[in-house]
Amino acid sequence: MMPRQDRHVGRSRSTAAPTTANPVDEALHPASPIVSEREATLARPSRAVSPCAREAEAARKRPARSTGGVGRADERRVRARVSEVVKLPPVPSEARWVVRHSAHGFDVRAPECRGFAVFRGVGCDAQEASAVYTELSSEQASRLSWTALRDGGNSDSLLDTMKCYCGETSQMLARGGRYRQQLLVRGRRADPLLSLPAISTVRRKMLNLIAKSITESVAPARGAPAVSLLTEQLIKYLPSDRWFAPHWDKDRRDKSSEPLDPKAYDGPGDALATLCLGCPCTLLMLPRHGNSPGFALELEPGDVYMLTDEARWEWKHGIAISETETVGRRAIVWRLLVDENDAQSASLE
């Protein structure tokens, strides 16, 4: 999710072998006819040093995230702003938590952080989570364009945390293609969505659940919004990647087709949902501005946390993993677009 100490910044290297072109890659490749002369110019380095370029250069000079030293000192500082780490389901106290139970599980919301939710057993149970974890090591998954992130993982090892981007061409070119420059400039490929059974089933159920949750938060007079998948990120962390400092995924909040500077805005999506896999972890939530206290929840494999509205734009999120964990964490991050729509349903089926 991030380079600096709290975000992945800097160039990444591809470890995948050359593959044949696919429709998504062709649509997003700089040589494609859909890339205008203006976009090609934006993708080329400029002689002038822009503020965002200076910010990126400063970020590259910051210490890399690690499991000790600076990383652990930062973790202690962040945890000092969290009064307690809550196990799920939390005991409702001081109106801080709203817990809704269903036939298969429950979801948890924090009124102080509008747009935040955690789902357990709803959309993905422990058995399905285990199957998805296994599929991320399958032969089909290995053929994806995995990218090694040099700012993640163990800086003393040749191994790295790996990430790849999947999605449909039509979705990645949404809003006038304002997000495609991020893939062009940062040298990333985009693969079709994996069609493996467990991942496909969980994806369908979770995206519909998230769309329904977003729709419920919108005033009836405005009509149901159109919720669509922008991209699906698959991430395989090293076991030594135990601390991800609180950060927010940078994007513009407007819904225009104006191009984005991919170096300044590197975390697209109006709503984010992350499926936790492999091992338990602690989710840390802190307000972006000021020193107000945050909150933390213990998550299990199969839990999904969602960030929309204020939780998406006004709060930071981070992850901490116990030193005793030996299983490498994995995750699937769904980045979603939410647009006004008069349709009666926001279903993604």
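Me: In this predicted model, is Glu232 buried or exposed, and how should I read that for a charged side chain?

Reply: Glu232 is buried, since its relative accessible area is 0% and the cut-off for calling a residue buried is under 20%. As a general idea, side chains of opposite charge can pair when their charged atoms come close. In this case, a salt bridge joins the side chains of Glu232 and Arg203, with 2.8 Å from N to O. The two partners lie 29 residues apart in distant parts of the chain, Arg203 within helix α10 (residues 197–216) and Glu232 within strand β8 (residues 226–236). Arg203 is likewise buried, with a relative accessible area of 9%.

Me: Which other salt bridge should I look at, and how far apart in the chain are Arg178 and Asp251?

Reply: Arg178 and Asp251 meet through their side chains in a salt bridge of 3.4 Å, N to O. These residues are 73 apart and link distant parts of the chain, with Arg178 in the loop between α8 (174–177) and α9 (180–185), and Asp251 in the loop between β9 (243–247) and β10 (271–277). Arg178 counts as buried at 1% relative accessibility, and Asp251 is buried at 3%.

Me: Where do Asp309 and Arg114 sit, and are Asp309 and Arg114 buried or partly exposed?

Reply: The side chains of Asp309 and Arg114 form a salt bridge at 3.7 Å, N to O. This pair also links distant parts of the chain, 195 residues apart, for Asp309 belongs to helix α11 (residues 309–313) whereas Arg114 lies in the loop between β4 (106–109) and β5 (116–120). Asp309 is partly exposed, its relative accessible area being 25%, and Arg114 is partly exposed as well, at 44%.

Me: How many salt bridges are there by the rule used here, and which residues are linked in a network?

Reply: The count comes to 20 salt bridges. A network of them links Arg100, Asp107, Arg109 and Glu216.

Me: How should I read a nonpolar core, and which residues have the most contacts inside the largest one?

Reply: In soluble globular proteins, nonpolar side chains tend to be buried together. In this model the largest nonpolar core holds 38 residues, and Val132, Met206, Leu234, Leu275 and Trp334 have the most contacts inside it. Two or more residues come from each of β5, α5 (126–135), β7 (161–166), α10, β8, β10, β13 (304–307) and β15 (330–339). Helix α10 gives the most to this core, namely nine residues. A second, separate core has 28 residues, including Phe106, Ala110, Ala331 and Val333.

Me: Helix α10 keeps returning, so how do I read a helix, and which residues of α10 are buried?

Reply: An α-helix has 3.6 residues a turn, so residues three or four places apart point the same way. The buried residues of α10 include Ile199, Val202, Arg203, Met206, Leu207, Ile210 and Ile214. Met206, when its neighbours within four places in sequence are left aside, is in contact with Phe119, Val122, Gly123, Cys124, Val304 and Trp334. Leu207 counts as buried at 7% relative accessibility, and its C-alpha lies 9.0 Å from that of Leu336, although the two are 129 residues apart in sequence. The length of α10 can be checked too: its 20 residues, at 1.5 Å a residue, should span 28 Å, which agrees with the 29 Å between its end C-alpha atoms.

Me: How do I read a strand such as β9, and why is β9 described as largely enclosed?

Reply: A strand can be read by its burial and by its partners. For β9, five of the five residues are buried, so this strand is largely enclosed by the rest of the structure. Three bridges join β9 to strand β14 (residues 315–320), and the two run antiparallel. Within this pairing, His247 stands opposite His317 in β14. Strand β13 offers another case, for it contains Tyr305, which counts as buried at 1% relative accessibility. The C-alpha atoms of Tyr305 and Val108 are 9.3 Å apart, with their places 197 residues apart along the chain.

Me: What does the whole chain look like, and how many helices and strands are there?

Reply: The protein chain has eleven helices and 15 strands, and buried residues make up 51% of its 349 residues. Among contacts between residues at least 6 apart in sequence, 79% join residues at least 24 apart. The chain exposes about 16,200 Å², of which carbon and sulfur atoms supply 53%.

Definitions and conventions. Residues numbered from 1 in each chain as written. Predicted model: local features only at pLDDT ≥ 70, side-chain atom pairs only at ≥ 80, totals over all residues. Heavy atoms only, no water. Salt bridge = Lys/Arg side-chain N within 4 Å of Asp/Glu carboxyl O. Helix = DSSP H or I, 4+ residues; strand = E, 2+ residues; numbered from the N terminus. Buried < 20%, exposed > 50% of the residue type's maximum accessible area, 1.4 Å probe, protein only. Pairing = 2+ DSSP bridges. Core = buried A, V, L, I, M, F, W, Y, C linked by side-chain atoms within 4.5 Å. Contact = heavy atoms within 4.5 Å. Areas by Shrake-Rupley, 256 points an atom, 1.4 Å probe, with all protein chains shown as cover. Expected span 1.5 Å × (residues − 1).
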